[in-house]
Amino acid sequence: MIRAEPVTALDLRCNGRAWAFETAHREAIARHWEKVTAANPKLWNGRTLICTKAAVEQGVFRAELAEIDYASFVAWRDWGRPDASVVNCFGVPAVFSADGALLLGVMSASTLNAGKAYPPSGSLEPKDVRPDGEVDILANMRTELFEETGLDLGEARPGPMAAIFEGPRLAVVQRFDFPLSFAAIERRFAIHAAADPHAELSAVEALRHGSQIDSRMPGYVAELVRFFQL
């Protein structure tokens, strides 16, 4: 069951602990990663964060995260998420154009989620962790949106936030209204993508109504549309 809970404040922490699943299955994870990269050599095994605990308490989204290898995350995902105590938590800047469209990005063929369509976003990484252990998910949103589209959140008006719980996925979403038509956003993306030989997105699309939701989009997209009453 998918649910969205309104959020007014954020408190995410990286706890510095090892992930037991990663430790216990390291050799099998390495073998699986060899198969994954044989099929898609452009993938690389960086470091990422996985969420070991999360809840919304009186409007405050609180979460604990652990630093892991990307290969461990991929194995967990591909093996049916055998450790149900963790979730993939990520930040989602829900970009709305001045003419009311929600921005979706279509993932390029070189990515793990090739062909999928959802708001431009990315995994939380160690660089998002401040010296005191706080995870700056809003900074992650700014970075990922700019890297993927060329859009700067500093140009937008920030709106409401929500945590969308979707089984093993947990999207922390904030609305951002840009003073640009969707056509202008699309033109900016085209210029940005043309200059990036490793672009993660092959295209952007406008979602203007829930009837446009299709099988390329993860479940949290439909809940996001409902929450923001698109």
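Helices of at least four residues and strands of at least two are DSSP runs, numbered from the N terminus. The exercises below use these element names on a predicted model.

**Exercise 1. Where does glutamine 58 lie, and is the residue buried or exposed?**

Solution. Begin with the elements on either side: glutamine 58 sits in the loop that connects E3 with strand E4 (60-69). Next, compare its accessibility with the cut-off, since a residue counts as exposed when its relative accessible area is over 50%. Glutamine 58 has a relative accessible area of 84%, and therefore it is exposed. Finally, look at the backbone, where the phi of glutamine 58 is near 50 degrees, a positive value in a residue other than glycine. Most residues other than glycine have a negative phi.

**Exercise 2. Which segment holds glutamine 229, and what is the sign of its phi?**

Solution. Start with the position: glutamine 229 belongs to the segment after H6. Its phi is positive, at about 55 degrees, although the residue is not a glycine. With 72% relative accessibility, glutamine 229 counts as exposed. Then turn to the helix that precedes it, H6 (residues 219-227), whose buried residues are Tyr220, Val221, Glu223, Leu224 and Val225.

**Exercise 3. Describe the surroundings of serine 121, and decide whether the residue is buried or exposed.**

Solution. First locate the residue, which is placed in the loop between strand E7 (117-118) and E8. The relative accessible area of serine 121 is 9%, and because buried means under 20%, serine 121 is buried. Next, list the neighbours in contact: leaving aside residues up to four places away in sequence, serine 121 touches Phe90, Gly91, Val92, Pro93, Glu144, Glu148 and Tyr220. One of these, Tyr220, is also among the buried residues of H6. As a last step, consider the side chain of serine 121, which has a polar atom 3.1 Å from the backbone oxygen of proline 119.

**Exercise 4. Which residues does valine 86 touch, not counting residues up to four places away in sequence?**

Solution. Valine 86 is located in the loop between H3 and E5, and with a relative accessible area of 4% it is buried. Under the stated exclusion, the residues that valine 86 touches are Trp19, Ile50, Cys51, Thr52 and Trp76. For a distance across the model, take asparagine 140, which is 54 residues from valine 86 along the chain; the C-alpha atoms of the two are separated by 20 Å.

**Exercise 5. How many residues line the largest pocket, and which helix or strand gives the most to that lining?**

Solution. Begin with the volume, as the largest pocket holds about 1300 Å³ of space. The lining consists of 43 residues, and those nearest the centre of the pocket are Tyr70, Met107, Thr111, Ser123 and Glu200. By residue class, the lining divides into 16 nonpolar, 13 polar and 14 charged. Several elements each supply at least two residues, including strand E3 (47-57), helix H3 (70-78) and strand E8 (122-123). The element that gives the most is H3, with four residues.

**Exercise 6. What radius of gyration does the protein chain have, and what would a compact globule have?**

Solution. Count the elements first: the protein chain has six helices and eleven strands. A compact globule of 230 residues would have a radius of gyration near 17 Å, and the protein chain has 17 Å, so the two agree. Along the principal axes, the C-alpha atoms fill a box of roughly 50 × 45 × 35 Å. To complete the description, note that buried residues make up 49% of the 230 residues.

Definitions and conventions
Residues numbered from 1 in each chain as written. Predicted model: local features only at pLDDT ≥ 70, side-chain atom pairs only at ≥ 80, totals over all residues. Heavy atoms only, no water. 1 Å grid on protein atoms, 1.4 Å probe; cavity = no way out; pocket = protein on both sides within 12 Å on 5 of 7 lines; lining within 4 Å. Points joined across faces, edges and corners; volume = space filled by probe spheres on them. Nonpolar A, V, L, I, M, F, W, Y, C, P; charged D, E, K, R; others polar. Buried < 20%, exposed > 50% of the residue type's maximum accessible area, 1.4 Å probe, protein only. Polar contact = N/O pair within 3.5 Å; in protein donor to acceptor, adjacent residues only side chain to side chain. Contact = heavy atoms within 4.5 Å. Rg over C-alpha atoms; globule rule 2.2 N^0.38 Å.
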